[in-house]
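Reader: Hi! Could you walk me through this one? Here it is.
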Amino acid sequence: MTQGTERSSNSSLNSGFKVFSLSRVLAIALNTFTQLVRMKVFYFLLIFSVLIIGANLLFLNFTFEQELKILQDVSFGAMTLFASIFSIVGTALLIPKDIEDRTLYTILTKPVPRFEYLIGKLLGILFLVAVSLVLMSILFFAVLYMRQHGILAEETNQFRGQPTPEQLSSLKETIFSQGLRLELINGVIAVFLKASVAAAIALVVSTFASSTLFTIIVSLVIYFIGHAQSMALDYYFPEGDMHGALQRFIAGIVAIIFPNLQMFNVVDGIVSGQSVPVNVMFRLTGLTGLYLCIYSFVSWILFAKKEL
Amino acid sequence: MNNHIKFNLSKYGRILLCIAVLVSFGFIRIPLESSTENELEKYGFRDWVPDISAREQLTQAGFLGAIGGFRSLVASIYDLRAHEAFRDKDWASVERFRKITTSLQPRFSKHWDLAAWDMAWNAYAYYRSRLEFSEDDLEKWQIEKMIMPNYVEKGLNFAKEGAKWTPESYLLPMVVGDIYSQKYNNPKLAADWYFKSSQAEDAPTYIFRAYATHLAKCKGMEEEAYGVVSNLYNDGKIRTLTIRRDMERLEDFMINKLVQTNSVDQLTAMIEKTPSNYLLNAALAEHYLKSDDGTELAIEAYRVLLKNPKAPQFYRRKFGFLVALNPETQLSAYQLLKKMYTSIPQIFREKDLIELSNIETSLNVPLNEKVIKGSGLIND
């Protein structure tokens, strides 16, 4: 092959290459998802089942409002915990594992930009978190549905004689308003959004971290600061009150650098019976999208020239 | 292969670029996040402030959990702890844990309800039973004059504070009404709070009836109460025994007032003007009954009254007893009353049953035909 023909074959190869290919990203994402599933992560569902069934059975001598609330609290608590752990630990494991298995080299020697590799990995972990949350939600909603019907039957039996249709419908309304309702889906979405930001944080950290353990610890610290930063801001920047310049500077830096994860905590209100307005859900989703874009970009800056 | 996107910054250059991106992003997102937080605050999602006092109340783990997105779960854990303390009759701990649960989730009305219940009923009942068994006069005095009222007040404060946090719910104003009614024996304040509760969208119908009942107990507010109770009575959807009794009592009040302020002639003139107002006929009958030979005229006034379809059923009973006063018509009056009792026993009060029993005795009604068989009295 002459030099001229080699050049033309290279240019024809390059002309068919897209700077960003969604199919490549999806292929990596799917591969990441399979990789994580093979790690038998779904065994956590057993623990989750035990937790919510336990919460369902242990508090039978409480008022039905307390019973339903405890069930929702335990379920949402477990969902938040599992989703956050999956996001942080899963993401922290990915790049080191790919290096260890040498999969990373195989991928990067193909025409796959590093940016696509990172996006694919992130989407893979988010897909896993989403699937886990869907499975947990199905289990949670099923138990809640059964419990609210059980409570309705118990409360109906406590009536002297047969309750009137009016009494029955009022009782049903009272119980069901604190049981399974559409609003809970917003809670699950909020848990997912927070876990997504946590995964993006872990992705940034893993691009410069020296070990998996370091990534997990640093990500957890950022996760914690993310929850407390709005508190620091409220404390150091109250209306009309001025604290020391240094304190305000530090609080400002913390607020600028670290994500505000407190924003995603809407589950507490939802369990109390409050509704998240649709525009707030859109805002939260939009902000999560922004976080994912910016953190992926930062990850790429750090990862683009990293020696592997 | 990775040179499709050229990126030729040095290591430090990349770090600086990352910092620049993060800082710029920080400046962009902080206003967006603040407005989202404001929205959430507006809709009641930011009621708990994780300040120094909250840190003092909660354990370290509880505090971390609460700021880490597990506030509701932490509140439930403290709810369980309060329940445990309740079982141990440790009322100070119950109060402390209830304060925590209500501060963590102030918009969950059940937390306030349970807190008020534990203080105003459970702790109160516990000390009342201790009072009964105590032999020390000083201790008795302390319990009765200080501890018991103190717990009722604490319960009231919980309920009032909860009512402020949950204005859309009927529950806490109802609890405040219950405390004023059952613990302070203050029907006026109880009525005010029951009314407030009854205005909530989710309020069951019995709360408005509780308002009417308590209003009917308020001295000096009989006319207002009559307006409310008569509306409930005439509405007729749920005519409870209490509504019937209140209605009769308040109508008696209105009739007495008419009797005191109007002469027979004035009442007769008023009846001519407004014949649909049966209270005027009842007042006229009362006037006649005050004179020695007015029974027949009173019966006649009642006859006119009973033709009015709006007149409550208890006037039939009154008419029956009036007719029974005359020995000549006593038997027919008894048969009328007996029929009435069989079909609408609710219009007979305890004293009416005693009177009916007396009539049966005077008529020598055989035991198997008697309406009132000794212990057959119903309670008001």
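Author: Happy to. One definition to start: two residues are in contact if their C-beta atoms, placed from the backbone, lie within 7 Å. Helices are DSSP runs (H or I, at least four residues), and strands are E runs of at least two, numbered from the N terminus. This is a predicted model, where local features need pLDDT of at least 70 and side-chain atom pairs count only at pLDDT 80 or more, while totals for chains, interfaces and linings use all residues. Residues are numbered from 1 along each chain as its sequence is written, and chains are lettered from A and ligands numbered from 1 in the order in which they are written.

Reader: Cool. Which residues of H14(B) meet H15(B)?
Author: On H14(B), they are B:Tyr278, B:Asn281, B:Ala282, B:Leu284, B:Ala285, B:Tyr288 and B:Leu289. Their partners in H15(B) include B:Leu297, B:Ala301 and B:Leu305.

Reader: And at what angle do those two helices pack?
Author: About 170°, with axes 8 Å apart. That makes H14(B) roughly antiparallel to H15(B) (angles over 145 degrees count as such).

Reader: Switching topic: how many helices and strands does chain A have?
Author: Chain A has 12 helices and 0 strands.

Reader: What about contact between chains A and B?
Author: There, 48 residues of chain A touch 40 residues of chain B. H12(A) gives the most to that side of chain A, with 11 residues.

Methods: Axes fitted to C-alpha atoms, helices over the stretch in contact; angles between N-to-C directions. Parallel < 35°, antiparallel > 145°, perpendicular 65-115°, else oblique.
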